[in-house]
Amino acid sequence: NLISGVPRHVDGRMIAITKNAGAAIINEDRMWHYTEGVQNWDPIWPDHAIRILPGPSSLWFDAEGNRFPAPCLPGFDTLETLRHILASGYDYSWFILNQAIIEKEFALSGSEQNPDFTSGSWKVLLKSRLGKGAPPPVEAFKQHGADFVVRDNLDDLVAGMNELVDVKLDTAKLRAQVEARDAQMDNSFTKDAQVMAIRTARNYLGDKLIRTAKPHKILDPSKGPLIAVKLHVMTRKTLGGIHTNLDGEVLDAKGNTVSGLFSAGECAGFGGGGYHGYNALEGTFLGGCIFSGRNAGRKAG
Ligand SMILES: Cc1cc2nc3c(=O)[nH]c(=O)nc-3n(C[C@H](O)[C@H](O)[C@H](O)COP(=O)(O)OP(=O)(O)OC[C@H]3O[C@@H](n4cnc5c(N)ncnc54)[C@H](O)[C@@H]3O)c2cc1C
């Protein structure tokens, strides 16, 4: 089951319209999904999904409670994580974190979820991100979100998680993995890739200030309560679009250029297999848009 990261009117209808008008379409069968979708507790459209943009510290497990291996870490490699989720045989996964992590590391997609950023005021932004507690929209999800479980200890947390799913999780199995990760906090030369990533992220001042919680043990009660989030796969967009040559000239069904017609950016359908390849990382769309726009502009003179 997918939940929907876009309003209902974003339906890909233009692909068929464009094809009927005579342009060739490429990557029609490819879509971009995100792996950290949660159901909006205050939906604007049907099945409204909000994406968590996570910092690096939440522990990530499949539906049976197996911790994902690197590079399937929060905020790292969407497509590889999607492959692991699907290979698990289920369509959801779990984050386990705590209050200290949610306060610093959860950002939510959507302008209505980021009133501090959209306020245009540094004062409002810094107060929201550096002040005590999670930003109010994140706190609202924690309190009202159907996918959020908040408890004081791991036994109760897993009991709460099990109320949301048919595939029951085993507390002892989860505890062993969380404790193994926590033990690495005492190891300054750990080989736990996630702990290494947390330490590296904090070497950048911006991430240290507002994006990455100070390294700590997840089961440390002073950092609690514990939080679990059931994560759904959510839709974002088609990677299909108008087939062009590298100069941005639109091709027809026979591969001939349509004289004087150019396509650049997302509508050019490059995302599925063009500039960054089929295994593109998230956050790489804009580069392709700019590059294709530049090429088209140069060709058009
Ligand atoms: C929430 C969100 C987060 C993102 N984060 C990232 C990121 O971190 N990194 C990254 O690389 N990419 C990111 N992207 C993707 C990136 O923003 C897009 O790939 C890029 O902006 C697309 O640029 P574009 O010029 O192709 O299309 P757009 O920016 O969508 O521009 C299309 C323009 O056409 C206009 N238009 C539409 N119809 C008509 C019409 N009939 N007549 C005239 N004008 C019309 C629209 O108003 C719009 O201004 C994100 C996208 C979203 C939505």
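At 14% relative accessibility, does R129 count as buried or exposed? In this model, which is a predicted one, R129 counts as buried, because its relative accessibility of 14% falls under the 20% cut-off.

Let me stay with that residue for a moment. The side chain of R129 meets the side chain of D116 in a salt bridge, at 2.6 Å from N to O. R129 lies in helix α5 and D116 in helix α4, residues 115–118, so the pair ties together parts that are 13 residues apart in sequence. D116 also counts as buried, at 5% relative accessibility.

A search of the whole structure finds 12 salt bridges, and I would like to go through some of the others. R67 and D192 meet through their side chains at 3.0 Å, N to O, and this pair links distant parts of the chain, with R67 in the loop between β5 and α2, D192 in the loop between α8 and α9, and the two positions 125 residues apart. Of these partners, R67 is partly exposed, with a relative accessible area of 23%, whereas D192 is buried, at 14%.

The salt bridge between E80 and R83, at 2.6 Å from N to O, sits within helix α2, where the two residues, being 3 apart, are separated by about one helical turn. Both E80, at 22% relative accessibility, and R83, at 42%, count as partly exposed. There is also a network of salt bridges, which links D155, R175 and E179.

Turning to the surface, F117, W122, L126, L130, L205, L209 and I210 form a nonpolar patch that has about 740 Å² of accessible area together. Helices α5 and α10 each supply at least two residues of that patch. I210, which lies in α10, counts as partly exposed at 33% relative accessibility.

Finally, the ligand. The residues around the ligand are K237, G265, E266, G283, T284, F285, L286 and C289, and by class this shell has 3 nonpolar, 3 polar and 2 charged residues. Helix α11, residues 285–300, gives the most to the shell, with 3 residues.

As for individual contacts, a polar side-chain atom of E266 lies 2.5 Å from an oxygen atom of the ligand, while F285 places a backbone N or O atom 3.0 Å from a ligand oxygen, and L286 has a backbone N or O atom at 2.7 Å from an oxygen atom of the ligand. The protein covers 28% of the 1,000 Å² of accessible area that the ligand has on its own.

Conventions
Residues numbered from 1 in each chain as written. Predicted model: local features only at pLDDT ≥ 70, side-chain atom pairs only at ≥ 80, totals over all residues. Heavy atoms only, no water. Patch = residues over 30% accessible without salt bridge, like charges linked within 9 Å, V, L, I, M, F, W, Y side chains within 5 Å. Areas by Shrake-Rupley, 256 points an atom, 1.4 Å probe, with all protein chains shown as cover. Salt bridge = Lys/Arg side-chain N within 4 Å of Asp/Glu carboxyl O. Helix = DSSP H or I, 4+ residues; strand = E, 2+ residues; numbered from the N terminus. Buried < 20%, exposed > 50% of the residue type's maximum accessible area, 1.4 Å probe, protein only. Near = heavy atom within 4 Å. Polar contact = N/O pair within 3.5 Å; in protein donor to acceptor, adjacent residues only side chain to side chain. Nonpolar A, V, L, I, M, F, W, Y, C, P; charged D, E, K, R; others polar.
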